[in-house]
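Hi,

Here is the structure I promised to pass on. Please open it first, then read my notes below.

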Amino acid sequence: PNRRGLGALLRGLFPDVPVDLDSVGAHRLPLSSARPVLTAGRVLLVGDAAALVDPLTGEGIHTALLSGLLAGWACVGRSEPAGDAYRRVLRRRLGPSSRPPPAV
């Protein structure tokens with residue numbers, strides 16, 4: 001679990017591709033105990049932008065794809081506002097972790 005080990009792994013997986021470890025980086029996972037913000041005005045946030053990451057595994061591809069799909073669904077042919085439809089369907093699919101915080 002260090003840069004030298006990562007370089008060896010990348011060279012083993014991609015032997016024909018030059019590996020420049022200085023260009024390899026990572027992004028911090030958006031982990032928080034706060035409930036995710038799913039909408040901001042007319043913007044629907046998905047994936048990492050909505051902090052939809054599993055805090056135990058760091059997995060976020062599934063929720064990124066699912067939330068993107070559901071955001072698109074919420075924007076087309078709905079009688080309710082897109083943000084309301086998105087929050088409702090995302091809550092149904094992902095459960096209580098996607099609920100916004102209660103209004104104060």
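Which residues of α3 are buried? They are Gly 83, Ala 85, Tyr 86, Arg 87, Val 89 and Leu 90. Keep in mind that this is a predicted model. The rest of my notes follow, starting with the overall layout.

**Overall layout**

The protein has three helices and two strands. Along the sequence they run α-β-β-α-α. There are 104 residues, and 24% of them count as buried. The accessible surface comes to about 7,600 Å². Carbon and sulfur atoms account for 60% of that surface. I also looked at contacts between residues at least 6 apart in sequence. Of these, 39% join residues at least 24 apart.

**Helix α3**

Helix α3 covers residues 82–94, which is 13 residues. Does its length agree with what a helix should span, or disagree? At 1.5 Å a residue, the expected span is 18 Å. The end C-alpha atoms are 18 Å apart, so the two agree.

What do the buried residues of α3 pack against? Their partners are β1 (39–40), β2 (43–44) and α2. Just after α3 comes Gly 95, with a positive phi of about 90°.

**Helix α2**

Helix α2 spans residues 61–75. Three of its residues are worth a look: Ile 61, Thr 63 and Leu 66.

Start with Ile 61. Its relative accessibility is 61%, so Ile 61 counts as exposed, the cut-off being over 50%. Its C-alpha atom is 7.5 Å from that of Gly 47. Along the chain, Ile 61 and Gly 47 are 14 residues apart.

Now Thr 63. Is Thr 63 buried or exposed? Its relative accessible area is 13%, which is under the 20% cut-off, so Thr 63 is buried. The Thr 63 side chain reaches the backbone oxygen of Gly 60 at 3.2 Å. Leave aside neighbours within four places in sequence, and Thr 63 is in contact with Gly 47, Leu 52 and Leu 94.

Then Leu 66. With a relative accessible area of 9%, Leu 66 is also buried. Which residues does Leu 66 touch, not counting those up to four places away in sequence? They are Arg 93 and Leu 94. Leu 66 and Leu 90 are 24 residues apart in sequence. In space, their C-alpha atoms are 8.6 Å apart.

Note that Leu 94 turns up twice here: Thr 63 is in contact with Leu 94, and Leu 66 touches Leu 94.

**Salt bridges**

How many salt bridges does the structure hold? There are two.

One joins Glu 80 to Arg 88. The closest N and O atoms of this pair are 2.4 Å apart. Glu 80 is partly exposed, with a relative accessible area of 27%. Arg 88 is partly exposed as well, at 34%.

The side chains of Asp 84 and Arg 87 meet in a salt bridge too, at 2.6 Å, N to O. Both residues lie in helix α3. They sit three residues apart, about one turn of the helix. Asp 84 is partly exposed at 36% relative accessibility, whereas Arg 87 is buried.

**Loops and surface**

Where is Ala 51 found? It is in the loop between β2 and α2. Ala 51 is partly exposed, with a relative accessible area of 31%. Its phi is near 60°, a positive value in a residue other than glycine. Most residues other than glycine have a negative phi. That makes the backbone at Ala 51 a good spot to look at on screen.

Which residues form the nonpolar patch on the surface? Leu 9, Leu 13, Phe 14 and Val 17 do. Together they have about 400 Å² of accessible area. Val 17 lies in the loop between α1 (3–13) and β1. Its relative accessible area is 47%, below the cut-off of over 50% for exposed, so Val 17 counts as partly exposed.

Best wishes

How values were computed: Residues numbered from 1 in each chain as written. Predicted model: local features only at pLDDT ≥ 70, side-chain atom pairs only at ≥ 80, totals over all residues. Heavy atoms only, no water. Helix = DSSP H or I, 4+ residues; strand = E, 2+ residues; numbered from the N terminus. Buried < 20%, exposed > 50% of the residue type's maximum accessible area, 1.4 Å probe, protein only. Polar contact = N/O pair within 3.5 Å; in protein donor to acceptor, adjacent residues only side chain to side chain. Contact = heavy atoms within 4.5 Å. Expected span 1.5 Å × (residues − 1). Salt bridge = Lys/Arg side-chain N within 4 Å of Asp/Glu carboxyl O. Patch = residues over 30% accessible without salt bridge, like charges linked within 9 Å, V, L, I, M, F, W, Y side chains within 5 Å. Areas by Shrake-Rupley, 256 points an atom, 1.4 Å probe, with all protein chains shown as cover.
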